Amino acid sequence: MTETALAPTADAAPRACTPAAFKSAVKPIWCPGCGDYSVLSSIAKAFAQCGLKPEEVVVVSGIGCSSRIPAYTSCYGFHGVHGRALAAATGVKLARPELTVLCAGGDGDGYSIGGNHFLHACRRNVDLTYIVMDNHVYGMTKGQPSPTTEPDWDSKLAPGGTGVRAFHPLVIALASGANFVARAFSGDPNGTAEIIAQAIRHPGFSFVEILSPCVTFRPEQRGWKELVHPAPVAETDDPARAARRVMTDDGFNVGVLYAGRRNPYPLGPRQASTAVADLDAAFLA
Amino acid sequence: MDATPSGPADAGVSIAIAGSGGAGVMTAGTLLLAAAAKAGAYGLMVRTSGPQIRGGEAAALVRLSPRPVDSLGDAFDLLLALDWQNVQRFADEIPLAATSLVVGDAAEGDPPQAYLATGARHAPLPLKAIAKGIAKSWTNMVALGVAGACAGVPRDALVAALADTWKRDADALAANTAAIDAGFAAAADLPRIARLPALAPCPGRWLVSGNEAAGLGAIRGGVRFVAAYPITPATELLEWMAPALAKVGGSLLQAEDELASINMIVGASFAGVPSLTATAGPGLALMTEGIGLAVGAEVPIVVVDVMRGGPSTGIPAKSEQSDLSYAVSGLHGDAPRIVVAPTSIIDCLATTQWAVHLAEALQAPAIVLSDQFMGQSRAIVDAPGDAGYRAERAVAPSGTADYKRYRDTPSGVSPMAIPGTPGLAYTADGLEKNEAGTPSSGARDHRAQLDKRARKLTSHDYGDRWADVEGDGPIAVITFGSSTAPAREAIARAKEVGVQARLIALRLLAPILPEAFERALAGVRRVLVVEQNHGAQLYRYLRGHVDMPARPASFHRPGPLPLKPAEVADAIVAAAA
């Protein structure tokens with residue numbers, strides 16, 4: 001369905017793919033000005049920087065505006081059900097460890113219905129990259145609070161605000177064992193591309209929270225470009241230092257918080273030591 | 001194909017061994033079954049215990065026969081109790097008749113009234129005192145000797161079974177061998193019960209549970225990835241598969257919940273590896289959305305549901321056939337899926353293997369309806385041949401021109417591109433789509449894709465495996481799963497009183513094949529649907545899908561107790577009236 005710039009050709013020389021090679025011809029459903037356009041470009045740039053080929057990449061998503069992204073790439077895509085993208089992505093990677101797996105979605109998909117899988121994916125530390133396009137709202141369903149929404153944000157579903165403290169994804173990711181934790185901003189496509197590329201290259205579970213404004217339901221987020229700032233310190237591989245730092249995070253620090261050294265979840269290839277027929281012997285009466 | 005169906009196991013014997021936790025009841029039962037296998041008998045053993053996590057009262061329910069058995073009979077010939085602590089709990093599960101014999105240890109008090117009230121004969125034996133008289137021996141080994149002697153299991157077979165599993169020192173083995181002998185001798189004075197005839201040993205048979213058989217069937221079929229969450233009574237299936245998969249180059253992941261499990265296997269299968277999970281009713285309920293995703297995105301998966309008492313948390317450690325409705329229709333939208341059900345413990349192997357083949361060939365989810373009775377009971381069976389089913393997915397080869405993942409085809413099956421293949425990348429989607437896979441809300445696309453997904457299941461040739469049709473007669477007894485064996489025995493009994501009935505033991509529960517039913521019901525005057533649930537689920541389902549002769553009848557009863565041949569036989573005779 002997607003037209004790839006990599007149709008098989010007669011020439012034998014392999015060539016590195018450009019970012020354009022990773023984008024499909026499908027027109028996104030996103031609103032003009034949506035931060036996700038920029039994130040899509042950053043992802044394509046990152047894939048190119050990492051020297052990947054579209055057929056070697058699987059983009060897995062759940063449900064929401066940002067979860068429509070797989071079809072906008074020329075890679076293999078899996079558009080699953082709400083909140084379960086990390087589970088599907090884990091299945092893909094465990095089945096085919098040689099593929100690059102990018103899991104993507106929004107703050108509702110990832111932190112609300114997907115919260116349990118987020119926690120366990122960080123714990124499990126399978127080598128894949130998880131990008132959350134966080135706009136502090138449910139956009140697809142037209143404007144309800146998400147776990148990262150401020151407690152006093154008024155909406156039809158929660159008039160006067162939820163009154164519930166916002167979820168802090170970087171804290172949870174770090175505490176749960178994610179091996180790479182970063183924040184990016186869609187308003188800086190090149191910087192975001194660098195962070196995504198670093199995340200892909202980093203072994204284990206890499207988590208990148210990308211602030212990506214929703215211009216339709218959170219028009220005030222156009223002001224995010226004034227609020228984001230580079231993190232005041234460089235990345236660390238010390239989880240304790242990262243933990244101390246993240247507890248004073250204002251939610252707008254951009255950069256890599258933590259690039260750790262945990263061993264990733266052991267993946268294949270798995271050698272067979274027994275023929276299937278040899279399993280029978282254990283049943284002999 | 002499977003072993004030919006057995007006739008009535010009239011020459012069989014049923015023994016229940018019971019006692020408090022720690023008395024070694026299960027060990028005695030397991031050894032009795034193993035010994036019977038060595039002696040050339042068939043049989044099965046059901047375990048039942050109190051609710052305690054460990055050390056609760058327990059009963060081993062063993063049925064032995066010269067012919068294959070797949071169910072318990074109407075009553076037990078012998079109830080042998082090491083003690084009576086809380087053993088009255090099992091009264092419903094250990095039905096006795098006047099011809100039955102209750103043997104307890106007089107030092108442990110009288111049998112509970114629940115057992116004596118049946119009119120069964122009663123004879124005590126000083127089991128504990130006998131064991132005490134042999135240093136280093138255990139009471140349950142004395143009991144094993146008693147049980148073997150009463151049932152006609154040769155002494156040498158009992159001793160050999162003990163030696164096979166013995167892990168301690170040689171002195172203790174000698175002592176417990178002596179205990180078996182002492183029990184064997186002590187039984188000589190007991191009133192006689194039905195017993196096995198002399199049999200020739202038949203090496204090469206298997207001792208296997210339904211859960212293990214299902215796991216092996218999955219691996220034989222080609223499954224190499226499992227993601228799952230523990231749940232009674234499916235956990236042993238997963239625990240058997242974990243090391244077995246590793247040996248053959250696969251892997252099993254314990255997921256954080258069933259929501260993760262089902263989505264992991266959809267992802268793994270999308271990526272190209274045949275995948276499976278196993279669960280029970282509550283877990284199946286959680287997996288529903290993920291199963292629907294496999295339908296919509298056309299991804300093969302196998303979900304084994306080891307049914308237990310429902311609804312909700314229900315009765316976790318007991319069997320019931322009450323997930324049928326859910327399995328055949330429990331998805332939102334018009335969502336065709338494959339549902340198969342093994343008819344016996346050993347059939348769990350070939351039917352799960354078949355499910356893998358069907359799921360992969362039809363790019364759809366296949367639910368295997370096993371149940372706690374088959375899953376957790378262990379049977380002596382003929383070594384099964386290889387049914388031959390394998391995962392054979394239609395894969396789009398590299399270089400396919402104008403590839404469209406969801407292209408409509410006459411069979412409804414469209415080749416899958418496997419990630420890694422250049423030039424064929426697509427996005428699998430739960431959203432409705434056009435042939436290229438682009439999301440679509442259009443009427444034509446929706447209709448075309450719905451037709452495709454339905455047609456691919458209904459146009460497949462399922463062969464003879466869809467049901468076992470046995471015998472002839474104007475009455476048709478239709479059943480599935482673990483109700484098959486009692487129904488078969490019941491038909492044999494009905495024949496003895498002149499009522500001819502044929503058995504239709506269904507394996508394929510979805511899709512329903514109208515022409516196959518028509519052929520199977522040719523000449524049938526009356527249908528009796530037999531099942532172990534409260535809502536007559538199979539009866540109602542078939543009435544909606546199959547043309548049946550006037551006044552179809554239903555015999556249905558919920559768990560936790562298995563259907564008895566006698567009650568089904570009564571229903572058959574009544575249906576003939």
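# Chain B: what the labels rest on

In this predicted model, chain B has 18 helices and 21 strands.

Student: What makes chain B as compact as a globular protein of its length?

Tutor: Its radius of gyration is 25 Å, and the globule rule gives 25 Å for 577 residues, so chain B counts as being as compact as a globular protein of that length. Along the principal axes, the C-alpha atoms occupy a box of roughly 85 × 60 × 40 Å.

Student: How many of the 577 residues count as buried, and what share of contacts comes from residues 24 or more positions apart?

Tutor: The buried share is 62% of the 577 residues. Among contacts with a separation of 6 or more, 74% join residues 24 or more positions apart.

Student: Why are α4(B) and α6(B) called oblique to each other?

Tutor: The axes of α4 (residues 139-151) and α6 (residues 170-186) of chain B cross at roughly 45° and come within 6 Å. Angles under 35 degrees would count as roughly parallel, and 65 to 115 as roughly perpendicular. The value of roughly 45° falls in neither range, and the pair is therefore oblique. The crossing is right-handed.

Student: Which residues make up the contact between α4(B) and α6(B)?

Tutor: From α4(B) come B:Met141, B:Val142, B:Leu144, B:Gly145, B:Val146, B:Gly148 and B:Ala149. They meet B:Asn176, B:Ala179, B:Ile180, B:Gly183 and B:Phe184 in α6(B). By class, this contact has eight nonpolar, four polar and no charged residues.

Student: Why does B:Val102 count as buried?

Tutor: Its relative accessibility is 0%, and buried means under 20%, so B:Val102 meets the criterion. This residue is in strand β5 (residues 96-104) of chain B. Leaving out residues up to four places away in sequence, B:Val102 touches B:Leu79, B:Trp84, B:Leu96, B:Pro111, B:Ala120, B:Arg121, B:His122 and B:Ala123.

Student: How far is B:Val102 from B:Arg407, in sequence and in space?

Tutor: The two are 305 residues apart in sequence and 67 Å apart in space, C-alpha to C-alpha.

Student: What is notable about phi of B:Asp402, and is this residue buried or exposed?

Tutor: Phi of B:Asp402 is positive, about 50°, although the residue is not a glycine. B:Asp402 has a relative accessible area of 53%; the cut-off for exposed is over 50%, so B:Asp402 is exposed. Its place is the loop between β14 (378-381) and β15 (427-429) of chain B.

Student: And B:Ala536, buried or exposed?

Tutor: B:Ala536 has a relative accessible area of 2%, which is under 20%, so B:Ala536 is buried. Phi is near 50° here, a positive value in a residue other than glycine. B:Ala536 lies in the loop between β20 (526-531) and α17 (537-545) of chain B.

Student: How do you know that the peptide bond from B:Thr232 to B:Pro233 is cis?

Tutor: Omega of that bond is near 0°, and the bond is assigned as cis. B:Pro233 is in the loop between β8 (225-228) and α8 (235-247) of chain B.

Student: What is omega for the bond from B:Ala510 to B:Pro511, and where is B:Pro511?

Tutor: Omega is near 0° for this bond, which is cis. B:Pro511 is in the loop between β19 (508-510) and α16 (514-520) of chain B.

How values were computed
Residues numbered from 1 in each chain as written. Chains lettered and ligands numbered in written order. Predicted model: local features only at pLDDT ≥ 70, side-chain atom pairs only at ≥ 80, totals over all residues. Heavy atoms only, no water. Axes fitted to C-alpha atoms, helices over the stretch in contact; angles between N-to-C directions. Helix = DSSP H or I, 4+ residues; strand = E, 2+ residues; numbered from the N terminus. Parallel < 35°, antiparallel > 145°, perpendicular 65-115°, else oblique. Left-handed = near helix turned anticlockwise from the far one by under 90°. Contact = heavy atoms within 4.5 Å. Nonpolar A, V, L, I, M, F, W, Y, C, P; charged D, E, K, R; others polar. Buried < 20%, exposed > 50% of the residue type's maximum accessible area, 1.4 Å probe, protein only. Rg over C-alpha atoms; globule rule 2.2 N^0.38 Å.
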